Structures are given as structure tokens and as C-alpha cells.
Amino acid sequence: MSEEVKGVATHRQLITLLTEQGAQFRIMEHEPVGKCEAVSEIRGTDLRQGAKALVCKIKGNGVKKHVLAILAADQQADLSQLASHFGGLKASLASPAEVDALTACVFGAIPPFSFHPDLTLVADPLLFERFDEIAFNAGLLEKSVIMNTRDYLRIARPELVTFRRP
């Protein structure tokens, strides 16, 4: 799949879902940027309301699972907390091939929604405590969504797990 096409289906699926669910959201088109700091500046949003998406692999203790872990863009993930939450021994970032298979998006464009049955969605609660809206790349590096935080929680239904570094 070419880089231009990758993410288009995910973007359409996301916008359809948000529309059908009556979410309060807006789409922004901008330069294709994957870095949280740069894209929040372009969007005119606070870095702390950016939703950073990490595709992680959890292993050990008989656990083998993929997790889409969402946290505020100004935070760093503690993957060992994530592993222990699921009963695993270690967690690592998924390979580019796994990310492609599970999200159909390039790195930096993954929205905080799981559309794959083998990708468990978790989110660190801090992201939802500071702002009424969250912002994220919407399947494509050049498209962002800014949406109501309560609508996100209602529609995406992530399991809330604290996994940020102190």
C-alpha cells in the first residue's frame, strides 16, 4: 500500500463513526507533520490536549497481546506499567509491520480509536482531565480531528489505565 493511500480508509472510517455517533468535532487540514509538538502548534491547540497513540506489544506470563495505548502528548509512557496491567512481563513498541497490519496508518497518523479486533484500546486518564477537547491526527499526517473529550470517551470506550511516567 502506498504512503498516499495508507490511512485513507482509517480516516473515512473514523469520520463516519464520529458523524454517526453525533460527536462534536472538527477536521483540520494542515502540513503533513507527525511530531506532537509541531502539529499542536499548527493546530493551535495545547500540547497537553494532544492524544498520542502508541501501538504496543505485551508479552510474558502467557500473555501475548497488542494494545493501542493513548496518552497526553506531553507525557512519556511507562511500558512496564502497561505490561503489568495486562499481566505480562514486558511491553515494547510494535514493529512497523505490526503497526501497519493493526492500524493501516503510518507512524504519527494513528488516531486514538481501534478498528482492529486484535488491538485493545487503553488510555491514560490524565488526557481527559485537563481539557474539554482532545486533538489527534486522524489516520493521515495532513488531517487532524479536534473533538469533545466526553464524546471521545463515549464513542471510543477505552479502558482507562494509568501508564505515564511520574
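The following exercises, with worked solutions, concern a predicted model.

**Exercise 1. The largest pocket**

Determine the volume of the largest pocket, which residues lie closest to its centre, and which elements contribute to its lining.

*Solution.*
1. The volume of the largest pocket is about 590 Å³.
2. Its lining comprises 30 residues, of which Gly34, Cys36, Lys52, Ala53 and Leu54 are the closest to the centre.
3. Two or more lining residues come from each of α2 (36-43), β2 (51-60) and β6 (133-137).
4. Sorted by class, the lining consists of 19 nonpolar, 7 polar and 4 charged residues.

**Exercise 2. Helix α6 and its ends**

Establish which residues of helix α6 (residues 149-156) are buried, how they are arranged about the axis, and what covers them.

*Solution.*
1. Buried means under 20% relative accessible area. In α6, Thr149, Asp151, Tyr152, Ile155 and Ala156 are buried.
2. Viewed down the axis of α6, these buried residues fall within an arc of 160 degrees, and therefore they line one face of the helix.
3. The elements covering the buried residues of α6 include α1 (8-20), β3 (63-72), β5 (119-123), α5 (126-129), β6 and β7 (143-148).
4. At the N-terminal end, α6 is capped by Asn148, which places a side-chain oxygen 2.9 Å from the backbone nitrogen of Arg150.
5. Following α6 comes Arg157, with a positive phi near 50 degrees.

**Exercise 3. The two sides of helix α4**

Assign residues of helix α4 (residues 96-103) to its buried face and to its exposed side, then identify what covers the buried residues.

*Solution.*
1. The buried residues are Glu98, Val99, Leu102 and Thr103.
2. Seen down the axis of α4, these residues fall within an arc of 100 degrees, so they line one face of the helix.
3. Pro96, Ala97 and Ala101 are exposed on the other side of α4.
4. Cover for the buried residues of α4 includes α1, β2, β3 and β5.
5. Ala104, just after α4, adopts a positive phi of about 55 degrees.

**Exercise 4. The setting of Leu160**

Classify Leu160 by accessibility and list the residues that Leu160 touches, not counting residues up to four places away in sequence.

*Solution.*
1. Leu160 belongs to strand β8 (residues 159-160).
2. The partly exposed class lies between under 20% (buried) and over 50% (exposed). Leu160 counts as partly exposed because its relative accessibility is 46%.
3. With residues up to four places away in sequence left out, Leu160 touches Ala123, Phe128 and Leu153.
4. Val63 is 97 residues from Leu160 along the chain, and the C-alpha atoms of the two are separated by 19 Å.

Notes: Residues numbered from 1 in each chain as written. Predicted model: local features only at pLDDT ≥ 70, side-chain atom pairs only at ≥ 80, totals over all residues. Heavy atoms only, no water. 1 Å grid on protein atoms, 1.4 Å probe; cavity = no way out; pocket = protein on both sides within 12 Å on 5 of 7 lines; lining within 4 Å. Points joined across faces, edges and corners; volume = space filled by probe spheres on them. Helix = DSSP H or I, 4+ residues; strand = E, 2+ residues; numbered from the N terminus. Nonpolar A, V, L, I, M, F, W, Y, C, P; charged D, E, K, R; others polar. Buried < 20%, exposed > 50% of the residue type's maximum accessible area, 1.4 Å probe, protein only. Arc of directions from axis to C-beta. Contact = heavy atoms within 4.5 Å. Polar contact = N/O pair within 3.5 Å; in protein donor to acceptor, adjacent residues only side chain to side chain.
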